[in-house]
Amino acid sequence: MSGTGFDYECSSLSPEGRLFQVEYAEKAVENSSTITGVVCKDGIVLGTEKIVVNKMMISGTDKRIYSVNKNVGCVVNGLTPDGKALMYRGREEAAQYENIYGIKMPGQVLANRVALKTQMNTIYASYRPYGTSVVLATWDHMKGRQLFMVEPSGNCYQYYGCASGRGKQLCRNEIEKANFAEMTVDQALPQIAKMLLKAQDEMKEKKQELELSVLSEATGNIHKILDRATTDRITTQALQEIDNEDVEMS
């Protein structure tokens, strides 16, 4: 991919109508860890896989899942600092909205505000696009539980299930095949863990780690990041199921 002089800044479209800096940001996302979000019968599950880059690093410090506020969670990929910056922007927007209007910011409004911030970085020569995708799980009194994904271009859509990163196609296929809308969060968690582990199959020689979170009826619609012990137990169970499937196929 070559911009032939049109890829130095975002303020110029190429003769073909392309923004190469945005395409490069999307490439950074495509080559990064897989993130996914799924709407279930009684809640929403967020998850991501990641490679442990250093054996000396303390487990859980390379976070990709965050709480924006009590009722909103997000998972990021690509350039993690870019994702954290958007998460903090979301926290600021949510806090300001509540201070002004006296109610929690609706999920759709929050997703659109984060998407607008992302899009603003695609129109100025002095900025670069965010090299990250953000999946948001939200709950509010008006619309209930909703799932959104914000892309580097500023696109923002609502989903029943979505995925981004190097294993997005496998995850999308699995989400389409599985009927998560009829599953509870507890039933969906092992399926999502298995899906994420399969998505990084080419990296299986390296040490792997999952992060999972839920926003459900059981948590009072509060975003809860699963602790390391629970996540490791679900991961071990998913790895055993994958190994059993491989044995059966052979």
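## The largest cavity

V52, M57, I58, S59, G60, D62 and E209 line the largest cavity in this predicted model. The space inside comes to about 30 Å³. Searching the whole structure for cavities of 30 Å³ or more turns up one.

What classes of residue make up the lining of the largest cavity? Three are nonpolar, two are polar and two are charged. Going by class, V52, M57 and I58 are the nonpolar ones, S59 and G60 the polar ones, and D62 and E209 the charged ones.

## The second largest pocket

Now for an open space. The second largest pocket has a volume of about 160 Å³, and 13 residues line it. If you want to find it in the viewer, look for D186, L189, L226, T230 and I234, which lie nearest its centre.

Which helices each supply at least two residues of this lining? They are α5, covering 185–199, and α6, covering 228–249. D186 and L189 fall within the α5 range, while T230 and I234 fall within that of α6. As for chemistry, the lining of the second largest pocket counts six nonpolar residues, three polar and four charged.

## Aromatic pairs

Four aromatic pairs come out of a search of the whole structure. One of them is F20 with Y24, a tilted pair with 6.5 Å from centre to centre and 40° between the planes. Why tilted? Stacked needs planes under 30 degrees apart and edge-to-face needs over 60, so 40° lands in the remaining class.

Both F20 and Y24 sit in helix α1, which runs over residues 20–30. They are four residues apart, about one turn of the helix. Is each ring's residue buried or partly exposed? F20 counts as buried because its relative accessibility is 3%, whereas Y24, at 26%, counts as partly exposed.

Y124 and Y127 also pair up, with ring centres 5.9 Å apart. Their planes stand at 65°, so this pair is edge-to-face; the cut-off for that class is over 60 degrees. Y124 has a relative accessibility of 38% and so counts as partly exposed. Y127 is partly exposed too, at 45%, since exposed would take over 50%.

## Pulling it together

So what do you have to look at on screen? There is a cavity lined by residues including M57 and E209, and a pocket to which α5 and α6 each supply at least two lining residues. Then there are the aromatic pairs, among them the tilted F20 and Y24 and the edge-to-face Y124 and Y127.

Technical notes
Residues numbered from 1 in each chain as written. Predicted model: local features only at pLDDT ≥ 70, side-chain atom pairs only at ≥ 80, totals over all residues. Heavy atoms only, no water. Phe/Tyr/Trp six-rings, centres within 6.5 Å; stacked < 30°, edge-to-face > 60°. Buried < 20%, exposed > 50% of the residue type's maximum accessible area, 1.4 Å probe, protein only. 1 Å grid on protein atoms, 1.4 Å probe; cavity = no way out; pocket = protein on both sides within 12 Å on 5 of 7 lines; lining within 4 Å. Points joined across faces, edges and corners; volume = space filled by probe spheres on them.
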